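Open the model in your viewer and keep the sequence panel in sight. The stops below each give a selection and then what is found there.

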Amino acid sequence: MATLPILEIPHPKLRKRAKKVRGFDKSMKKLAYDMVDTMHEAGGVGLAANQVGQLWRIIVLQMPEEEEARIYFDPEIIRNVGMREVEEGCLSLPKYVNHIKRAEKITLAGLDRIGKPFTLEGEGLLARAMQHEYDHVQGILMLDRLSPLKRSLYIKRVKKLEKIRANEHAAVA
C-alpha cells in the first residue's frame with residue numbers, strides 16, 4: 001500500500017461533507033488501506049478520507065493497544081451518552097491540541113472492511129476518535145467545537161505561520 005498526503009487547514013476539502021460509499025470495489029478498499037498506512041506514518045489513531053483529499057465516508061481507526069486497524073464505511077453515530085471535556089489533536093491541524101467537549105460513550109454503525117453492517121460501542125479514546133473522524137466526514141473540524149475566542153486565536157496563529165512560510169519561500173527563491 002501507499003501513504004497519502006494529509007490535507008491541512010485551510011484546505012477546502014476539509015470543510016466538505018463526504019459522500020456515501022456506493023460500492024466496495026478495489027479502489028475503495030485500496031483507498032482505505034492506504035489511509036491506514038498514512039495514519040500509521042503520521043502517528044495518528046484515526047483518519048477520515050477527506051483528510052487525504054477523497055470525499056468518501058470512510059474512516060480508519062487504531063487504538064495504541066490494538067494490533068489491527070479498524071476500517072469503516074458510511075459511519076453514523078446512532079447514540080451518545082454523557083459529555084466531558086477532553087484533550088484532542090488533529091493530523092490536519094498539526095501541532096495543535098486543545099480541549100473539546102465530547103460524548104463519553106457512543107455507538108457507531110456502518111459497514112466494516114468487507115461491507116458487513118456493524119454496530120460498535122466505544123468509550124474513552126475510542127469514542128473520542130470515532131467522534132473526531134465522524135466529524136471529518138461531516139465536514140466539521142475540531143476548530144468548530146472550540147469557543148469563538150480559542151478559534152480566532154488559532155486562526156491568527158495559522159495566518160502568522162503562513163506569512164512566515166511565504167517569507168521563507170520568497171527568500172529561498
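**The tour**

Start at the hairpin of E4 and E5: 5 residues lie between the strands, and Gly-115 among the residues of this hairpin has a positive phi near 90 degrees. This is a predicted model. Now show both strands. E4 and E5 run antiparallel and are joined by 7 bridges. Pick Gly-110, and Phe-118 in E5 stands opposite.

**Back to the other hairpin**

Select strand E3, residues 70-90, together with E4. These two strands are antiparallel, with 14 bridges between them. Zoom to the turn: a hairpin of 2 residues connects E3 to E4. Cys-90 has Leu-93 in E4 as its bridge partner.

**Asn-98**

Stay on strand E4 and select Asn-98. Is Asn-98 buried or exposed? Its relative accessibility is 12%, so Asn-98 counts as buried, the cut-off being under 20%. Show side chains here. The side chain of Asn-98 makes a polar contact of 2.7 Å with the side chain of Tyr-96. Next, display what surrounds Asn-98. Beyond neighbours within four places in sequence, its contacts are Val-86, Glu-87, Glu-88, Met-142, Leu-146 and Lys-150.

**Helix H2**

Select H2, residues 125-137. This helix has 13 residues and spans 19 Å from first C-alpha to last, close to the 18 Å expected at 1.5 Å a residue. How many residues of H2 are buried? The count is 11 of the 13, so H2 is largely enclosed by the rest of the structure. Colour the buried ones: Leu-126, Ala-127, Ala-129, Met-130, Gln-131, His-132, Glu-133, Tyr-134, Asp-135, His-136 and Val-137. Then turn on the cover. Strand E1 (46-48), E2, E3, E4 and E5 are among the elements that cover the buried residues of H2. Step past the end of the helix to Gly-139, which follows H2 and has a positive phi near 80 degrees.

**The nonpolar cores**

Show Ile-59, Leu-61, Tyr-72 and Met-130 as spheres. Within the largest nonpolar core, which has 17 residues, these four touch the most other members. Which elements give two or more residues to this core? They are strand E2 (58-61), strand E4 (93-111), strand E5 (117-123) and helix H2. H2 provides the largest share, 6 residues. A second, separate core has 15 residues, including Leu-31, Ala-32, Leu-47 and Ile-71.

Centre on Leu-61. Setting aside neighbours within four places in sequence, Leu-61 is in contact with Met-39, Val-45, Gly-46, Ala-69, Arg-70, Tyr-72, Leu-126, Ala-129, Met-130 and Glu-133. Of these, Met-130 and Tyr-72 have already appeared above, among the core residues that touch the most other members.

**Zoom out**

Now show the whole chain as a cartoon. There are 3 helices and 5 strands. From the N terminus on, their order is α-β-β-β-β-β-α-α. The radius of gyration is 17 Å, close to the 16 Å that the globule rule gives for 173 residues, so the chain is as compact as a globular protein of that length. Align the view to the principal axes: the C-alpha trace spans about 55 × 40 × 30 Å.

Finish by colouring on accessibility. Of the 173 residues, 44% count as buried. As a last overlay, draw the contacts with a separation of 6 or more: residues 24 or more positions apart account for 64% of them.

Methods
Residues numbered from 1 in each chain as written. Predicted model: local features only at pLDDT ≥ 70, side-chain atom pairs only at ≥ 80, totals over all residues. Heavy atoms only, no water. Core = buried A, V, L, I, M, F, W, Y, C linked by side-chain atoms within 4.5 Å. Buried < 20%, exposed > 50% of the residue type's maximum accessible area, 1.4 Å probe, protein only. Helix = DSSP H or I, 4+ residues; strand = E, 2+ residues; numbered from the N terminus. Contact = heavy atoms within 4.5 Å. Pairing = 2+ DSSP bridges. Polar contact = N/O pair within 3.5 Å; in protein donor to acceptor, adjacent residues only side chain to side chain. Expected span 1.5 Å × (residues − 1). Rg over C-alpha atoms; globule rule 2.2 N^0.38 Å.
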